[in-house]
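Have your viewer ready and the selection tool at hand. We will hop from stop to stop, with a word on what to pick at each one.

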Amino acid sequence: MSTRITIDPVTRIEGHLRVDAEINDGKVTKAWSSGQMWRGVELILVGRDPRDAWAITQRICGVCTTVHAIASVRAVENALKLEVPLNAQYIRNMIVAAHAIHDHIVHFYHLAALDFVDVVSALKADPVKAAAWIQQYSDWPLNGKEVMIQTQEKLKAFVGTGQLGPFTNGYWGHPAMKLSPEINLVAVAHYLQALDVQRQANKIVTILGSKTPHIQNMAVGGVSNPIAVDSQSVLTVDRLYAIKTQIDKLADFVKKVYLIDVAAIGSVYADWTKYGAGVMNYLSAPDFPVDTRGTEFMYPGGYIPGGDLAKYQPIKSFGDDFLGKGVEESVKHSWYTYSKEGPLHPYRGETTPHYTDFQDDGKYSWLKSPTFYGKRAQVGPLAAVLNAVAAGHQPTTAYVTKVLDTVSALVGAKVGVDALHSTIGRHAARAVRCAVMLDLLEANWQKLIDNIGKGDVATYNKPVFPKGEIMGYGFHEAPRGMLSHWTVIRDGKIANYQCVVPSTWNAGPRSEDGAPGPYEASLVGNPVADPEKPLEVLRTIHSFDPCIACAVHVHDQETGQAVRVRAV
Amino acid sequence: MAQSIRAVVLGVGNILLSDEGIGVHAVNELAARYDLPPGLEVIDGGTSAMDCLDRIAECGLLLIADCVHAGRDPGTLIRLGDGELQAFFRTKISPHQVGLSDVLATLALHGLSPSRTVLIGAEPKSFALGLEPTPELAATLPAMVEALAAELTAAGVRLQRREAPVAAE
């Protein structure tokens, strides 16, 4: 007999992601991923000034605001063939890197770690043993026994209040929880420290972007930060040096804590390298442009079909036709209709809602289903890391090696790159990418300082919109994966606008030919020990860093049962 | 006279989805109508509460403006104090979602909670696509702004009404 479970919502944010899984003999045999909220924000943009699109699109998503601002200005610049001053590229690159570091740390420690870390178990730990254990692997100054003792006391006091807050409804004591009390305690200590650390990353975004959560400094043609070597009111060299202090603090944490924790936790859950691969076509965008036209990038991107790194094909520049011509979106299984049969290219994309019930074999999601040359593709840090390794990107390769070597030492057997095609591999890849982002943040900081030193203070090229129709697309390798904005501009006004967001690639429903998306494919074969508490399903879904763009977050007084289980 | 407490007014919601954004509209309007004294910070938090954590930490009063589903008539104003908020923020499924409730809980864990938290909410009518709230909610907006101002005044924050509102952002 098979059991069907429905998890709704998977994200706290109301009405977002629903996952259905059919379970036979303790394993998932079929899965459906469904976006539960109509996402038609593109319609708001039609008829507007393309120079305003970035400010509106950064409201699409509740978690990653800046990424839409970046993709949007790039799309309009691509349509105009407008070059961007070097300083603007560097400042954008620093915002991109700082935002990604913030996002990755928050995701791992505050969202995903709790799938693997049993917080309540940490109360039983011996803090001295916990400190001794972690000090074998890292010389991070906050790994001492005093820190572990304090952490445990803090946790005791918090649990004692009866208000577990972020830990409420965790699957404590679940049979799939495997870390020792000591490792759990170390993880809780780092959870608390991560909170301070992610604030450093956020400060960098605030200084450069003038404001968070919604940055103010973006502009089609560059950034609006005036640069000066003497004025107090603008981006000064003094302020830039203040940023460097934040960068150094972040670097210590990412390299001495995050990378080690991922390896340590991953080694205990090594069985999770066998689950969750799903769609193994990996798509990522190059990013961190270091020329004005966007033809040279510090971070490569491209496409790997079928998990075979030897078949890597690069995406080479902004506007590259390899990406530009390869993307289509199907609505065969989505609650939309198109004016004609088959999938549509984003330039010709339509957003006409057509709601039916949840139909297992028909329409069941508000997300569209994107494909790359007709194939499903996985996006995200794993795709980015594998593409970078395939492209011979040295820093990425070095951090991958470091993580895999640490895991190999911990499990006492050689663990290779193949282990990354998995649930736990996505976490490892995110940590690797986070470390690379730090190096890129620092490198772009240096480039900016050097360029200002040469006397170049330009940050903006004024856009001029021609009569008639132009079109362009912008891509950005965001924390959740490749994001692209596509726009058609007619007589200086937006005629069409489509955002193809990372979570659409990963969480989209079946495509035109019935091929499951990455979420759906990755769940098949997952073990589920207890259908009432489908921790394992959440592990795999959370490994993608789910965020269905368009955050609606209403406070809801009703408390519903999130997991429904029925026999089928 | 020195400001007696540090207060933060946080507007949350998505302004692309009509009434979803009422909290953001309310705080922008508050900043447009009143001179904000030192020690009072007004934040358009959008839907990114986690990014505001730094500024919320250890404040004397956190005043949240948002829409609230309470099954009342659209536009009804709802005030929730500390005790009521706990029950309200019960997460549904897992500890994994970073929303406002998680931010508050995280602050509690760190011992950085605001001394007091109050939520002023409005019952929404529609989350249809649109930059403007529905007429019902637009009609409620002035009362919502005054409710926020009254809450601040009661807490000892000295608000000065501007002679003419300045343009909201």
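Begin by selecting residues 481-490 of chain A, which make up strand β18(A), and add β19(A): the two pair in the antiparallel sense over seven bridges. Keep in mind as you look around that this is a predicted model. To find one of the rungs between the two strands, click Trp486(A); its bridge partner in β19(A) is Gln498(A).

Now widen the selection to the sheet these strands belong to. It is an open sheet of three strands in chain A, ordered β17-β18-β19, and the pairing is antiparallel. Colour β17 (469-478) and β19 (493-500) of chain A to mark the edges; each has a single partner strand, so one side of each is left without a neighbour in the sheet. Direction ignored, neighbouring strands here are turned by 15° against each other on average.

What lies across β17 and β18 of chain A? Select residues 65-80 of chain A and you have the answer: helix α3(A), running at about 145° to β17(A).

**Next stop: a second sheet**

Move to β8, β11 and β12 of chain A. These three strands also form an open sheet, in the order β8-β11-β12, with antiparallel pairing. At the edges you will find β8 (282-283) and β12 (313-314) of chain A, each pairing on one side only. Strand β11(A), residues 302-304, pairs with β12(A) in the antiparallel sense over two bridges. Pick Tyr303(A) and look across to β12(A), where Gln313(A) stands opposite.

**Then a pair of helices**

Show residues 381-390 of chain A, helix α10(A), together with residues 394-411, helix α11(A). Their axes are 8 Å apart and the helices pack at an angle of about 115°. Because angles of 65 to 115 degrees count as such, α10(A) is roughly perpendicular to α11(A). The crossing of the two is left-handed. For the contact itself, display side chains for Val385(A), Ala388(A) and Val389(A) on α10(A), and for Thr396(A), Thr397(A) and Val400(A) on α11(A). Sorted by type, the residues of this contact are four nonpolar, two polar and no charged.

**Last stop: a loop**

Is Gly173(A) buried or exposed? Select this residue in the loop between α6 (145-160) and α7 (181-209) of chain A. Gly173(A) counts as exposed because it has 10 C-beta neighbours inside 10 Å. Finish with a distance check to Val524(A), 351 residues apart from Gly173(A) along the chain: the C-alpha atoms of the two are separated by 25 Å.

How values were computed
Residues numbered from 1 in each chain as written. Chains lettered and ligands numbered in written order. Predicted model: local features only at pLDDT ≥ 70, side-chain atom pairs only at ≥ 80, totals over all residues. Axes fitted to C-alpha atoms, helices over the stretch in contact; angles between N-to-C directions. Helix = DSSP H or I, 4+ residues; strand = E, 2+ residues; numbered from the N terminus. Parallel < 35°, antiparallel > 145°, perpendicular 65-115°, else oblique. Left-handed = near helix turned anticlockwise from the far one by under 90°. Contact = placed C-beta atoms within 7 Å. Nonpolar A, V, L, I, M, F, W, Y, C, P; charged D, E, K, R; others polar. Pairing = 2+ DSSP bridges. Buried ≥ 20, exposed ≤ 12 C-beta atoms within 10 Å, placed from the backbone.
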